Amino acid sequence: MKIPGIHHITAIASDPQRNLDFYTQQLGLRLVKLTVNFDDPGTYHFYFGDDHGTPGSILTFFPWPGAPRGRSGTGQATVISFTVPSLNAWAGKFPGERITRRFDSDVLAFTDPDGMALELVATGGGGSEGSAISRFHSVTLSEGGYEATARLLTETFGYELQASEDSRFRYVSSEGDFVDLLCQPDARRGGMGAGTIHHVAFRAESDEIQKQWQAELARLNYNVTPILDRQYFHSIYFREPGGVLFEIATDPPGFTVDETAASLGTGLKIPPALEPMRAEIEAKLPKLKLPVYVR
Ligand code: ZN
C-alpha cells in the first residue's frame with residue numbers, strides 16, 4: 001500500500017472576500033466548492049482547485065473574519081508550492097516576492113494576504129497549457145527533528161527520498177508530488193491562526209484502502225480518528241511524529257456529488273444534515289461577491 005500523493009491542504013485565513021479574491025483572481029484557481037465549516041456552520045469553508053477539483057490541486061480555507069495571525073514554525077506545514085510551466089507570467093506580480101533556485105528549479109516565493117508562504121515552482125511545461133497553476137508541487141513541513149517523520153513517509157506511506165540540500169529533505173510520492181522536510185531544531189514552534197496551514201491531507205483511492213490505512217496507523221500506535229464524512233470525501237486524521245496534523249482523504253465521491261462540473265463553486269452548498277437550517281446559516285455568513293465563470 002502506497003500513498004499516491006497529496007489530496008488537499010487546508011489553511012486558515014481572516015477576511016473571506018480578500019481570501020476568495022486572491023486565490024481566484026491573483027492565482028487563477030477555481031472556487032470549486034463554497035460550503036460551511038461542518039463543525040462551525042456559521043463560517044465558510046472555501047475549496048479552490050483546478051476546474052474539476054482534482055485531488056492534488058485542492059487548497060481549502062477556513063476564513064475566520066478578524067482571526068489573529070498565527071505564527072509559522074516547527075510542527076507545522078509552512079509552505080505550499082504549486083507547479084507552473086514557467087515563472088514568466090508570474091514574476092513581478094506579488095509584493096515582497098523573491099526568486100530562488102532549489103533542486104534545479106526556479107522558485108517564486110511570496111505570501112498571501114494573511115502572510116501565508118506560497119511558492120510557484122517552474123517545472124518546464126510537460127504538456128501543460130499557458131502559465132496557469134496545474135496542481136501542488138509540494139508541501140514543506142518544518143520539523144524540530146525530521147527522522148521520525150521521514151520514517152513515516154518512507155516506511156509507511158511509500159515515499160522515497162529524492163534529494164537533499166542543506167537542511168531540506170525531499171520525498172517523492174508514487175505519483176510524483178513532493179513532501180519537503182525542513183529540519184530546524186533551533187526554530188520556535190508554530191502557533192495556529194490566520195496565515196497558517198491547519199493540516200495536510202493525503203490520498204486514499206477508495207474507502208476500502210482508507211480502512212486499511214486506518215488499521216495500519218492504529219497498529220503503528222498513531223492516535224487515528226474514526227472515519228468522518230466530509231461530503232466530498234471521507235477523512236481520518238492523526239498527528240505525525242513532528243506534530244503536523246495529517247489526514248487521509250478518499251478520492252471519491254468528489255465535488256460533483258452535489259452540483260455539476262460546470263457549476264462548481266457557484267452557490268452555497270450545505271450538507272444534507274444542515275440543510276433544514278439553511279436560512280439561519282445564510283443569515284450568519286458574511287456576504288460574498290463570487291467569481292463569475294464564463295464557460
Ligand atoms: Zn482536510
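**Strand E14, its sheet, and arginine 168**

Biologist: Which residue in E15 does aspartate 229 stand opposite?
Modeller: This is a predicted model. Strand E14 covers 228-229, and E14 and strand E15 are joined by 2 bridges and run antiparallel. In E15, the residue opposite aspartate 229 is histidine 234.

Biologist: Which helix packs on the sheet, touching E13, E15 and E16?
Modeller: The strands touched are E13 (197-204), E15 and E16 (245-250). The direction of the helix makes about 20° with that of E15. The helix, residues 207-219, is H3.

Biologist: Which strands stand at the edges of the sheet?
Modeller: The sheet is open, has 9 strands with mixed pairing, and follows the order E14-E15-E16-E13-E1-E4-E3-E2-E17. A strand at the edge has a single partner strand, so one side of it is left without a neighbour in the sheet. The edge strands are E14 and E17.

Biologist: Is arginine 168 buried or exposed?
Modeller: Arginine 168 lies in strand E11, residues 168-172. Its relative accessibility is 11%, and buried means under 20%. Arginine 168 therefore counts as buried.

Biologist: With which aspartate does the side chain of arginine 168 make a polar contact?
Modeller: Residues that arginine 168 touches, leaving out those up to four places away in sequence, include Arg102, Phe103, Thr140 and Asp180. The side chain of threonine 140 is joined to that of arginine 168 by a polar contact of 3.4 Å. Another polar contact, at 2.8 Å, links the arginine 168 side chain to the side chain of aspartate 180.

Key. Residues are numbered from 1 along each chain as its sequence is written. This is a predicted model: local features need pLDDT of at least 70, side-chain atom pairs count only at pLDDT 80 or more; totals for chains, interfaces and linings use all residues. Side-chain values use heavy atoms; hydrogens and water are left out. Helices (H or I, at least four residues) and strands (E, at least two) are DSSP runs, numbered from the N terminus. Buried means under 20% relative accessible area, exposed over 50%, partly exposed in between (1.4 Å probe, protein chains only). A polar contact is a pair of N or O atoms within 3.5 Å; within protein, one must be able to donate a hydrogen and the other to accept it, and residues adjacent in sequence count only if both atoms are side-chain atoms. Contact means heavy atoms within 4.5 Å. Two strands pair if DSSP finds at least two bridges between them. Axes are lines fitted to C-alpha atoms, for helices over the stretch in contact, and angles run from 0 to 180 degrees between N-to-C directions.
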